[in-house]
Amino acid sequence: MILDSFSLKGKVAIVTGSNTGLGQGICRAYAEAGAKVVGVSRRPSTETEQLIGSENFYNVIADLSSCDVIPEVIEKTLARYGRIDILVNNAGIIKRQDSIEFSEENWDSVLNVNLKTVFFLTQAVAKQFIKQGGGGKIINIASMLSYQGGIRVPSYTASKSAIKGITMTLANEWASKGINVNAIAPGYMATNNTQQLRQDEERSADILARIPAGRWGTPADLEGAAVFLASSASDYVNGFTLAVDGGWLGR
């Protein structure tokens, strides 16, 4: 049955940024699809665990602003579940400041979390996939700013443009090893990262006027795409960034 190919039963998924928003929604969707989920977050993912249940969710507390935590994430996941099948690089931060005044601190902090740690965590998980045999699934969370410039967010735009690029690069190198590397580019979602925009009535109205669906997205809107790219239904999908944007890019 075709629906069986969307099942994640018996799979183990690592999802970064698991305590709120899109990461929390993806964790819930994976658990519902049958996976065991390791959520990585700076603060305890208490609410996520309550939604999913401790039998299907394990929280690793780690600050992804540094690559130093990567071995711990891998080791704790293997100690708990014995393998890794899926990685979702969802954790990210954003700093807003006029580009003419943008600080080195704001640049480095965003690039460290959104790009550097993403690459090296992905590398570590890919090595585990190869050791295990059988391939695996890597899903990067890109952005509308993987396609566009944005305003007052130069480091975020740089990081998300690079995410789209390395998704293609890694797919080129790893597809032959059975490792699918793809990305999801969420549209304007009602999450912590967009709170400032949504509170600006004029800016929010401008954004909504551009979205054919006429609303901000929600974490639930991303869940189907996340399950598809993590499942065997996407085995021949490589290096693609899937926009889940209410039609924003088509406008």
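Helices and strands here are DSSP runs, numbered from the N terminus. With that in hand, and keeping in mind that this is a predicted model, let's start at T194, which sits in the loop between β6 (179-186) and α6 (195-199). Is T194 buried or exposed? Its relative accessibility is 10%, and the cut-off for buried is under 20%, so T194 counts as buried. Setting aside residues up to four places away in sequence, T194 touches M189 and W216.

Those two partners turn up again if you step into helix α6, where R198 lies. Leaving out neighbours within four places in sequence, R198 is in contact with M189, A190, T191, S204 and W216. R198 and W216 are 18 residues apart along the chain, and their C-alpha atoms are separated by 9.1 Å. Unlike T194, which is buried, R198 counts as partly exposed, at 32% relative accessibility.

T191 takes us across to helix α1, because G21 is in that helix and touches both T191 and P219, again not counting residues up to four places away. G21 is partly exposed, with a relative accessible area of 25%. For a long-range pairing, look at G21 and A220: they are 199 residues apart in sequence, yet 9.4 Å apart in space, C-alpha to C-alpha.

Now zoom out to the helix pair around that spot. Helix α1 (residues 21-32) and helix α8 (residues 219-230) have axes that come within 8 Å and cross at roughly 55°. The two helices are therefore oblique to each other, and their crossing is right-handed. On the α1 side, the residues involved are G21, L22, G25, I26, R28, A29 and Y30, and they meet P219, L222, E223, A226, V227 and A230 of α8. By class, the residues of this contact divide into 9 nonpolar, 2 polar and 2 charged.

Two of the α1 residues in that contact, I26 and Y30, matter for the next stop too. Which residues touch the most other members of the largest nonpolar core? They are I26, Y30, V88 and I184, out of 27 residues in that core. The elements giving two or more residues to this core are β1 (12-16), α1, β4 (86-89), β5 and α8. Y30 has a long contact list once neighbours within four places in sequence are left aside: L8, A13, V15, A35, V37, I86, V88, I139, A226, V227 and A230. Apart from this core lies another, of 25 residues, with A62, I70, Y81 and L170 among them.

Before following that other core, pause at N56, in the loop between α2 (46-52) and β3 (57-61). N56 is buried, with a relative accessible area of 19%. Beyond its neighbours within four places in sequence, N56 is in contact with A31, A35, K36, V37 and Y81. A35 and V37 also appear among the contacts of Y30, while Y81 is one of the members of the other core.

I70, another member of that core, leads to the packing of α3 on α4. Helix α3 (residues 70-81) and helix α4 (residues 104-132) pack at an angle of about 35°, with their axes 10 Å apart. The crossing is right-handed. I70, I74 and L78 of α3 make the contact with T117, F120, L121, A124, V125, Q128 and Q132 of α4. This set divides into 7 nonpolar, 3 polar and no charged residues.

Helix α4 also packs with α5, their axes coming within 9 Å and crossing at roughly 15°. Why roughly parallel rather than oblique? Angles under 35 degrees count as roughly parallel, and therefore α4 and α5 are described that way. Their crossing is right-handed. From α4, the residues that meet α5 include W107, L111, V118 and F119, and their α5 partners include Y156, I163, L170 and W174. The contact has 15 nonpolar, 6 polar and 1 charged residues. L170 also belongs to the 25-residue core.

A last stop is the loop between β5 (136-141) and α5 (154-174), home to R152. R152 has a positive phi of about 65°, although it is not a glycine. With a relative accessible area of 35%, R152 is partly exposed.

Methods:
Residues numbered from 1 in each chain as written. Predicted model: local features only at pLDDT ≥ 70, side-chain atom pairs only at ≥ 80, totals over all residues. Heavy atoms only, no water. Helix = DSSP H or I, 4+ residues; strand = E, 2+ residues; numbered from the N terminus. Buried < 20%, exposed > 50% of the residue type's maximum accessible area, 1.4 Å probe, protein only. Contact = heavy atoms within 4.5 Å. Axes fitted to C-alpha atoms, helices over the stretch in contact; angles between N-to-C directions. Parallel < 35°, antiparallel > 145°, perpendicular 65-115°, else oblique. Left-handed = near helix turned anticlockwise from the far one by under 90°. Nonpolar A, V, L, I, M, F, W, Y, C, P; charged D, E, K, R; others polar. Core = buried A, V, L, I, M, F, W, Y, C linked by side-chain atoms within 4.5 Å.
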